[in-house]
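Let's take a friendly walk through this protein, with an eye on its charged side chains and a few spots on its surface.

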Amino acid sequence: MRYAIIGAGIAGLACAYEIARGDEGAQVEVYEAADRPGGKLFTVPFASGPVDMGAEAFIARDEYAVALFEELGLGERLVHPSGLRSLVYTGGRTAALPQGTLMGIPATGEAVAHLVSAETAQRIDTEATAEPLAWTPGQEANVGELVRQRYGAEVVDRCVSALLGGVYSCAADDLGLRATIPALAEAMDDLARRGEPVRLSTAVAAVLERRQGSGTLHKPLFAAFEGGYADLYEALAERSGAQIYVDAFISGVERAGAGFRLKGAGEGTYDRVILATPAPTTALLLGAVAPQAAAALKGVQLASSAVVGMRFDSAEGLPENSGVLIAADEPGLHAKAFTLSSKKWPHLAERGGALVRASFGRFGQDDLVRAEEDDLVDYALDDLQKVTGFDGRAVGLSEIFVQRWFGGLPRYGVEHLDTVARVREALAQVPGVEATGAWAGGVGVPAVLADAREAARRALS
């Protein structure tokens, strides 16, 4: 069986690996338009050692992902964070990132009292006796609108958008609840099915209580790779045994008898084709063979972002925290977050000096991401000093790397899950063609890997 995979990001490489495991005689060819595999995972060789300029960590409690990494021989390459707390910068000062919340959504005013006004804290507490929500099980809701309606704008801007911005490069008002915080939506469903009043604080409390009793909270939440995500994407590429072509632009997929031909891949046909590309690219490629799926995917919007990686000669003056999130309503700043990487990760601290990543860009802020490189670096240094007091210029800046991710993440809005369902339904009518990627099953690395596995298994069947 001959398989073509378009896209050598983590989804495409995971598909290639899964197919190699499931079909010993498979001939797998992967086509990547960029000049390297890895996609939105990118490990840069700083002089002091490798540093990730895309995603830097994954949810370590995901059993499938950890099992896969161990299967690849990467178990001993996994590292865990220092445990230092993160901060939120709001109202011109830093404060502790609130604990006991669900992506920044609290069950009580006490959890966020240090970030919001007394009036807002009281409003959160009285929500438990306010008029219930009109909620139908299975419905979707806008995260920002829901939290603003029940708790007020301060919670949205200072807590929820600050946290979600790092995961989705979007503000809370750009995201769907069921698409991004499904556990909360399901808790609201449960209340409605039992005929109980549906209130935000009650649902949040139920999720937090369930997690507290799960017995997993003592385990590290996050992990990373000692050599950066290159450890993972290089291992997948090697272990898949696939023929990987870089700088290989595929412009379309068309039928060729009982198989498929790729425009731009030369002669020959394929029995199976898997598209592991961003939603707009997938829509373009599917146009001739799955027009209904292509039409649905055209509606997926993308969020752009940029990362400025900086290595300083000294860490003196840098706060003893793992990072700082910037409140969405904070004026006069360009960055949305700082990862104090050498504080967060002990293996990076061992290199000496200080590593800091500045993140820019939420959905709709493409102009900021397109700023001149020198401007982005200045924004990073200026904002870092304002937020933490650390003067990077005075300390000595020895290395800089600027990475822009244009259309790096799909926007998981209120319509997103319906869009994915329509694409799945349409592709089910086109045997031999599958699609996967960050738009399909979630933006985190474990979610992307899991969806890629299922796409590969469908192709194998």
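Is D173 buried, partly exposed or exposed? With a relative accessible area of 28%, D173 is partly exposed. Please keep in mind that this is a predicted model.

**Salt bridges**

D173 is a good place to start, as its side chain meets that of R148 in a salt bridge, with 2.8 Å from N to O. D173 sits in the loop between α5 (153-168) and α6 (177-180), while R148 belongs to helix α4, so the pair ties together parts that are 25 residues apart in sequence. R148 counts as partly exposed, at 28% relative accessibility.

Another pair is formed by R393 and D378, whose closest N and O atoms are 3.2 Å apart. Here R393 lies in helix α16 (residues 392-395) and D378 in helix α15 (residues 373-388), so this salt bridge ties together parts that are 15 residues apart in sequence. R393 is partly exposed at 42% relative accessibility, and D378 is partly exposed at 34%.

A third pair stays within one helix. R21 and E18 both lie in helix α1 (residues 10-22), where 3 residues, about one turn of the helix, separate them. Their closest N and O atoms are 3.5 Å apart in a salt bridge. R21 counts as partly exposed at 47% relative accessibility, whereas E18 counts as buried at 7%.

The three pairs can be set side by side:

| Salt bridge | N to O distance |
|---|---|
| D173 and R148 | 2.8 Å |
| R393 and D378 | 3.2 Å |
| R21 and E18 | 3.5 Å |

How many salt bridges does a search of the whole structure find? The search finds 23.

**Two buried arginines**

Which side chain of opposite charge is nearest to R36? That side chain is D35, 5.0 Å away, and R36 is buried yet has no salt bridge. A salt bridge needs a side-chain nitrogen of Lys or Arg within 4 Å of a carboxyl oxygen of Asp or Glu. R36 is placed in the loop between β2 (27-31) and β3 (43-46). Backbone oxygens do come close to polar atoms of the R36 side chain: that of G39 lies 2.6 Å from one, and that of L41 lies 3.1 Å from one. Not counting residues up to four places away in sequence, R36 touches L41, F42, Y233, V246 and W405.

R150 is also buried, with a relative accessible area of 9%. R150 lies in helix α4 (residues 143-150). Leaving aside neighbours within four places in sequence, the contacts of R150 include R123, E127, E131 and R199, along with A130, P132, L133 and L200.

**At the surface**

What makes up the nonpolar surface patch of about 220 Å²? I59, L221 and F222 make it. F222 lies in strand β11 (residues 222-225) and is partly exposed, with a relative accessible area of 34%.

G83, in the loop between β6 (78-79) and β7 (86-90), counts as exposed at 61% relative accessibility. How far is G83 from F42, C-alpha to C-alpha? They are 24 Å apart in space and 41 residues apart in sequence. F42 has already appeared above, among the residues that R36 touches.

Methods
Residues numbered from 1 in each chain as written. Predicted model: local features only at pLDDT ≥ 70, side-chain atom pairs only at ≥ 80, totals over all residues. Heavy atoms only, no water. Helix = DSSP H or I, 4+ residues; strand = E, 2+ residues; numbered from the N terminus. Buried < 20%, exposed > 50% of the residue type's maximum accessible area, 1.4 Å probe, protein only. Lys, Arg positive; Asp, Glu negative; His and termini not counted. Polar contact = N/O pair within 3.5 Å; in protein donor to acceptor, adjacent residues only side chain to side chain. Contact = heavy atoms within 4.5 Å. Patch = residues over 30% accessible without salt bridge, like charges linked within 9 Å, V, L, I, M, F, W, Y side chains within 5 Å. Areas by Shrake-Rupley, 256 points an atom, 1.4 Å probe, with all protein chains shown as cover.
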